[in-house]
Amino acid sequence: MTDQIVAGTLLTMDGERTIWTNGGVLVRDGLIDAVGHRHDLVEQHPDARVMGGPRCIVTPGFVNAHQHLTGDRLIRSCIPDYIQAREAIFDWVVPVHAAHTGDDDELSATLSLLEAVGNGITTTVEAGTVAHPERVARAFERVGVRGTVGTWGWDVGDGPFAADTDDVLERQQSVLESWPTGGLVEGWVTLVGHDLASDRLFSDAADMARAAGTGLTFHMSPSPDDGVAFSERSGKRPIHHLADLGVLGPGTLIAHAVHIDEREMSLLLDTRTAIAYCPWAYLRLGQGVTGAGHHVDFLRQGGRLALGCDTENAGDAIDAVRVGALATGLARDMSCDPTVFGAHEALELMTIGGAEAIGMGDRIGSLEVGKAADLVVHDLSGVGSTPNAVDPALQLLWAGDGRAVRDVIVDGIPVVLDGRSTRVDHEGLVDEAELAQRRLFEQAGLSPTPRWPVR
Ligand SMILES: [Zn+2]
């Protein structure tokens, strides 16, 4: 493939957080081959195709550490706004998941990943509620992005795709074998989590992930509910219970961990367990992050933290910049101190910090020689970016969102150019998506109605 030079103001996120003005990244054979001044690179590589330009910011591709790719997408923004989180999840999302076909899974994941990459997200960790992993993996391949895929894992209750412990483990193992570690799409052990897994499922799943050298992810404590459930189940706090089962460790990524006490925080820190922090979901569902969240303390004590966009009915946009800005605003407001956390720290979580938290820091997350060429070109020629700021990080985070993303390269391949996917035309999926939405509501026995009269 022809060499490419991606030019602009580079936020490299390397060890020194170097910023290059009028910089360039040379992309060769899927990897970053050189980082330097644009003019030098163009002179040395006259045949390379040049992308970006002087009024562009170039960042590493963003990491979304917690994203549901199925279920929610096809009923996005259809769940009533004024119901409790449990009702939204168990009376709406779960029945729709139960009605999902393999075609629905692929369509849903394709739309979600298209939106994500259009907003600069190049790596997505799927959240553990996929019925047809091969169809979701196919969506990753169609859209041309990096990520992890798992299959639905729970062995408590009789919800959709619940199974006995051995069956759940067998399905997880087959995902790991189908998508080995190191590929563009990796198999991870993914459980629903909460109190929806037996002790044996939690502990054998952790052993399985460790043996395969891959990740384990599941939900815990976005609200106080898991704390109540585990105190009835074992007399212990959830993270304490999981520590005793041997579930914690550097390969484990827990989604949320909002309502945790000091001892739980210490256990997460001591075991190097990572957290995917999804602040829009807690705000959207009213789960109390402003009172209970300690994610910035966790980070400041050396904790491994990433950001996630979560589901399209608790987020809802798959836009890392929006999440980063919210996380920053919450950190400042909750501490009444604007010096505790800023745009630069948010950008770290969206790139190298997030990559390290999901165990991929050696491959992605920064613009450094030898890393995979996952890059995003943000166009700052619009009126909202005029004049350009002195510090590109502030401009990107506080004044921006994914709409400024113009070009995206994943593994050296341009997958978005001029704001459009080079691989999938979403307009060709509109009819199919509308049809699927109607059918899913019918099959799930749901009939959403707007709150205000519609004439
Ligand atoms: Zn989730």
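Pro-387 sits in the loop between strand E14 and helix H16. The peptide bond that joins Thr-386 to Pro-387 is cis. Its omega angle is about -5 degrees. The model described here is predicted.

The two elements that flank this loop both belong to the surroundings of one sheet. This sheet is open and holds 8 strands. Their order is E3-E2-E1-E4-E14-E15-E16-E17, and the pairing is mixed. Strand E3 (31-37) and strand E17 (420-421) are the edge strands. Each of E3 and E17 pairs on one side only.

Both kinds of pairing can be followed along E4. E1 and E4 run parallel and are joined by 6 bridges. Within this pair, Gln-4 has Arg-49 of E4 as its bridge partner. E4 and strand E14 (residues 375-379), in contrast, run antiparallel, with 5 bridges between them. Pro-60 has Leu-375 in E14 as its bridge partner. Cys-56 stands opposite Asp-379, also in E14.

Helix H16 lies across this sheet. The strands beneath the helix are strand E1 (4-11), strand E2 (19-28), E4 and E14. H16 runs at about 85 degrees to E1.

The protein chain is assigned two domains. Domain 1 is made of two segments, 4-61 + 365-421, and domain 2 covers 62-357. The C-alpha centres of domain 1 and domain 2 are 29 Å apart. Their contact draws 26 residues from domain 1 and 31 residues from domain 2. On the side of domain 1 that touches domain 2, four elements each supply at least two residues: strand E4 (49-60), helix H16 (392-399), strand E15 (405-410) and strand E16 (413-417). H16 gives the largest share of that side, with 5 residues. By class, the side of domain 1 that touches domain 2 counts 15 nonpolar, 8 polar and 3 charged residues. H16 thus has two roles in the description: the helix lies across E1, E2, E4 and E14, and H16 also supplies the largest share of the domain 1 side of the contact.

A second open sheet has 4 strands. Their order is E5-E6-E7-E8, and the pairing is parallel. Strand E5 (62-67) and strand E8 (185-187) each have a single partner strand, so one side of each is left without a neighbour in the sheet. From one strand to the next, the twist averages 15 degrees. Strand E7 (residues 146-149) and E8 run parallel and are joined by 3 bridges. Val-149 stands opposite Gly-187 in E8. Helix H3 (residues 102-118) lies across E5 and strand E6 (121-126). The angle between H3 and E6 is about 140 degrees.

Two helix pairs were examined next. A pair of packed helices is described by the angle between the axes and the distance between them. Helix H13 (residues 320-335) and helix H14 (residues 343-350) have axes that come within 9 Å and cross at roughly 135 degrees. This angle makes H13 oblique to H14. The crossing of H13 and H14 is right-handed. On the H13 side, the contact involves Ala-320, Gly-324, Ala-325, Ala-327 and Thr-328. These meet Ala-343, Ala-346, Leu-347, Leu-349 and Met-350 in H14. The contact of H13 with H14 comprises 8 nonpolar and 2 polar residues, and no charged ones.

The other pair is formed by helix H2 (residues 85-99) and helix H17 (residues 430-444). Here the helices pack at an angle of about 105 degrees, with axes 9 Å apart. H2 is therefore roughly perpendicular to H17. H2 contributes Pro-95, Val-96, Ala-98 and Ala-99 to the contact. H17 contributes Leu-440, Gln-443 and Ala-444. The residues of the contact of H2 with H17 divide into 6 nonpolar and 1 polar, with no charged residue.

One backbone angle remains to be noted. His-256 is found in strand E11 (residues 252-256). Its phi is near 95 degrees, a positive value in a residue other than glycine.

Note on methods
Residues numbered from 1 in each chain as written. Predicted model: local features only at pLDDT ≥ 70, side-chain atom pairs only at ≥ 80, totals over all residues. Axes fitted to C-alpha atoms, helices over the stretch in contact; angles between N-to-C directions. Parallel < 35°, antiparallel > 145°, perpendicular 65-115°, else oblique. Left-handed = near helix turned anticlockwise from the far one by under 90°. Contact = placed C-beta atoms within 7 Å. Nonpolar A, V, L, I, M, F, W, Y, C, P; charged D, E, K, R; others polar. Domains from an automatic or database assignment. Pairing = 2+ DSSP bridges.
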